[in-house]
Amino acid sequence: MNTTGDNYLRETAKMCPFLEEKRLENELEVCYERPELRRVSGAVPLLNLILGNELHCVFPETTKLLKMLITMPMSRSEAERCFSILKRIKTFLRNTMKD
């Protein structure tokens, strides 16, 4: 891997202690070498390809990483939106209560 890729890998491993850094690095190198995996664009299609071909035993760390990426929100806006809606509901309920 190049130095930028190494930095990303180190940071990812630091933020996700459940990942084995060295094993993930080896798996990603194999993924980059395989043309059928390189052609896939996006985390969801790649995970579907790995699971569909039962390669999750071969790439366990990559599978964990992809599952985490797919379930993690890309921004805080979704959570903030939920709190905003909750605030409106609470305000409505407060306004409709009787003394």
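Biologist: Let me start with a single residue: where in the chain does Glu54 lie, in a helix or in a loop?

Modeller: Glu54 sits in the loop between helix 4 and helix 5. Keep in mind as we go that this is a predicted model.

Biologist: How do I read the backbone angle phi, and what is its value at Glu54?

Modeller: The general idea is that most residues other than glycine have a negative phi. Here, Glu54 has a phi near 55°, which is a positive value in a residue other than glycine.

Biologist: Is Glu54 buried or exposed?

Modeller: Exposure is read from the relative accessible area, and a residue counts as exposed over 50%. Glu54 has a relative accessible area of 60%, so it is exposed.

Biologist: Thanks! Now for the whole chain: how many helices and strands are there?

Modeller: The protein chain has six helices and zero strands. Read from the N terminus, its elements run α-α-α-α-α-α.

Biologist: And what share of the residues is buried?

Modeller: Of the 99 residues in the protein chain, 24% count as buried. The chain exposes about 7900 Å², and carbon and sulfur atoms supply 58% of that area. You can also look at how contacts span the sequence: among those with a separation of 6 or more, 50% are between residues 24 or more positions apart.

Biologist: Which residues make up the largest nonpolar core?

Modeller: In soluble globular proteins, nonpolar side chains tend to be buried together. In this structure, the largest nonpolar core has eight residues: Cys31, Leu37, Leu46, Leu47, Ile50, Leu55, Phe59 and Leu66. Helix 4 gives the largest share of this core, three residues. Apart from it lies another core, of seven residues, including Leu24, Leu28, Leu65 and Met68.

Biologist: I would like to look at Phe59 from that list. Is Phe59 buried or exposed?

Modeller: Buried means under 20% relative accessible area. Phe59 has 2% relative accessibility, so it counts as buried. Phe59 is found in the loop between helix 4 and helix 5.

Biologist: Which residues does Phe59 touch, leaving aside its neighbours within four places in sequence?

Modeller: Phe59 is in contact with Glu27, Val30, Cys31, Arg34 and Leu37. For a distance along this part of the fold, take Phe59 and Asn26: they are 33 residues apart in sequence, and their C-alpha atoms are 9.4 Å apart in space.

Biologist: Glu27 is in that list. Why does Glu27 count as buried?

Modeller: Glu27 counts as buried because its relative accessible area is 5%. The residue belongs to helix 2. Not counting residues up to four places away in sequence, Glu27 touches Val58, Phe59, Pro60, Glu61 and Thr62.

Biologist: What about Ala13, buried or exposed?

Modeller: Ala13, in helix 1, has a relative accessible area of 13%, so it is buried. Ala13 and Glu25 are 12 residues apart in sequence and 10.0 Å apart in space, C-alpha to C-alpha.

Biologist: Last topic: how do I read empty space, and how much of it lies in the largest pocket?

Modeller: Rolling a probe the size of a water molecule over the atoms shows where empty space is left. In this model, about 450 Å³ of space lies in the largest pocket. Helix 1, helix 2, helix 3, helix 4 and helix 5 each give two or more residues to its lining.

Biologist: Which residues lie nearest the centre of the largest pocket?

Modeller: Of the 21 lining residues, Leu28, Tyr32, Leu46, Leu65 and Leu66 lie nearest the centre. The lining divides into 14 nonpolar residues, six polar and one charged.

Methods: Residues numbered from 1 in each chain as written. Predicted model: local features only at pLDDT ≥ 70, side-chain atom pairs only at ≥ 80, totals over all residues. Heavy atoms only, no water. 1 Å grid on protein atoms, 1.4 Å probe; cavity = no way out; pocket = protein on both sides within 12 Å on 5 of 7 lines; lining within 4 Å. Points joined across faces, edges and corners; volume = space filled by probe spheres on them. Helix = DSSP H or I, 4+ residues; strand = E, 2+ residues; numbered from the N terminus. Nonpolar A, V, L, I, M, F, W, Y, C, P; charged D, E, K, R; others polar. Buried < 20%, exposed > 50% of the residue type's maximum accessible area, 1.4 Å probe, protein only. Contact = heavy atoms within 4.5 Å. Areas by Shrake-Rupley, 256 points an atom, 1.4 Å probe, with all protein chains shown as cover. Core = buried A, V, L, I, M, F, W, Y, C linked by side-chain atoms within 4.5 Å.
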